[in-house]
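I opened my notebook for another look at a model. Here is what I had on screen.

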2 protein chains.
Amino acid sequence: MLNLLLQEKKSLSAYTILDRLRPQGFRAPLQVYRALDKLIKRGFVHRLASMNAFIACSHPWGEDHTLVAFAICKTCGSITEFDDEAVINNIKKRMQAILFRPQSITLEIQGMCILCQHAVQTYSGGRRPG
Amino acid sequence: MLNLLLQEKKSLSAYTILDRLRPQGFRAPLQVYRALDKLIKRGFVHRLASMNAFIACSHPWGEDHTLVAFAICKTCGSITEFDDEAVINNIKKRMQAILFRPQSITLEIQGMCILCQHAVQTYSGGRRPG
DNA sequence: ATATAATATGTTATATTATAACAAAAATTG
DNA sequence: CAATTTTTGTTATAATATAACATATTATAT
């Protein structure tokens with residue numbers, strides 16, 4: 001299953017994973033969800049809350065997999081994982097200010113990746129000078 | 001519906017909303033989802049992606065309701081909405097660095113609110129000196 | 001005012017995502 | 001190896017969300 005996720009640039013839903021893994025003997029959703037739970041606990045996979053979907057971790061050799069963020073292209077579906085201490089520390093500081101003890105952070109930015117931005121420019125011709 | 005959400009400190013699922021509004025004539029999920037969509041578009045309600053639930057906006061008089069964050073207490077379910085320019089600008093700056101054009105941000109911090117932290121202290125007796 | 005088009009609503013059915021419950025199998029432990 | 005715990009397989013079902021279509025309402029133009 002991890003192989004399948006690693007091959008994908010986009011995220012996959014649990015049921016898509018199930019369908020892809022049927023040839024390998026997966027038959028029921030629970031098999032997928034249980035496998036995903038383990039992979040997530042071990043830091044090999046992340047869940048995208050805003051998409052109800054799953055994606056392989058981009059740096060599984062790291063330590064803390066609870067403080068990770070994602071840029072999600074709404075046009076092509078590509079996911080860019082990033083791990084920014086400045087952003088995370090900023091959030092933590094803000095939480096301290098309201099005396100909230102953070103345990104995990106869901107940070108997902110929806111928008112348009114550079115490739116799709118370029119595709120739109122090309123398609124529409126862009127804006128010409130004067 | 002907005003009244004119902006405004007009265008709640010916790011978030012409500014669409015189906016909980018449906019049940020609560022049955023006396024007022026709501027009968028089908030779509031009625032709820034359609035009403036929620038409108039309220040969200042108008043900035044009166046937010047959707048919590050990590051909970052599949054909905055909550056009234058804390059400052060509906062504001063302008064931009066796409067850049068808002070939530071501290072979610074996993075113990076009592078209370079939700080604290082906050083709107084921090086520093087955090088948001090930090091994220092935007094980071095997105096610029098990878099040439100990603102952000103359109104909306106999902107930022108939800110799961111953890112424990114100050115009241116529940118205090119409750120735990122009281123319950124367990126806390127740590128005594130020397 | 002009224003025909004037309006556009007938008008909104010009600011309703012049924014269904015799609016999608018996720019977990020409960022329990023039996024059987026495998027692994028762990030004494 | 002017996003007892004216990006943990007994992008796995010399977011069926012059923014819960015929880016979340018949308019499609020499709022009919023009907024009603026509102027807006028627009030004549």
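My entries below cover the copies, the DNA surface and one strand.

**Ground rules.** I am reading a predicted model, where local features need pLDDT of at least 70, side-chain atom pairs count only at pLDDT 80 or more, and totals for chains, interfaces and linings use all residues. Residues are numbered from 1 along each chain as its sequence is written, while chains are lettered from A and ligands numbered from 1 in the order in which they are written.

**Copies.** I laid chain B on chain A and got an RMSD of 0.1 Å, with a turn of 180 degrees and a shift of 0.0 Å along the axis; the fit is by least squares on C-alpha atoms of residues with pLDDT of at least 70 in both. That is the relation of a two-fold axis. In chain B, B:Leu107 has the C-alpha nearest the axis, 2.3 Å from it.

**DNA strand C.** I found 13 residues around this strand, the closest being A:Ser13, A:Pro29, A:Asn52, B:Ala28 and B:Leu30 (near means a C-beta atom, placed from the backbone, within 6 Å). Helix 3 of chain B gives the most to this surface, four residues (helices are DSSP runs of H or I, at least four residues; strands are E, at least two).

**Strand 3 of chain B.** Is it buried or exposed? Five of its five residues, 69-73, are buried, so the rest of the structure largely encloses it (buried: 20 or more other C-beta atoms, placed from the backbone, within 10 Å of its own). B:Phe70 and B:Ile72 point one way, and B:Ala69, B:Ala71 and B:Cys73 the other. Four bridges join strand 3 to the antiparallel strand 4 of chain B, where B:Phe82 partners B:Ala69.

Conventions: Buried ≥ 20, exposed ≤ 12 C-beta atoms within 10 Å, placed from the backbone. Pairing = 2+ DSSP bridges.
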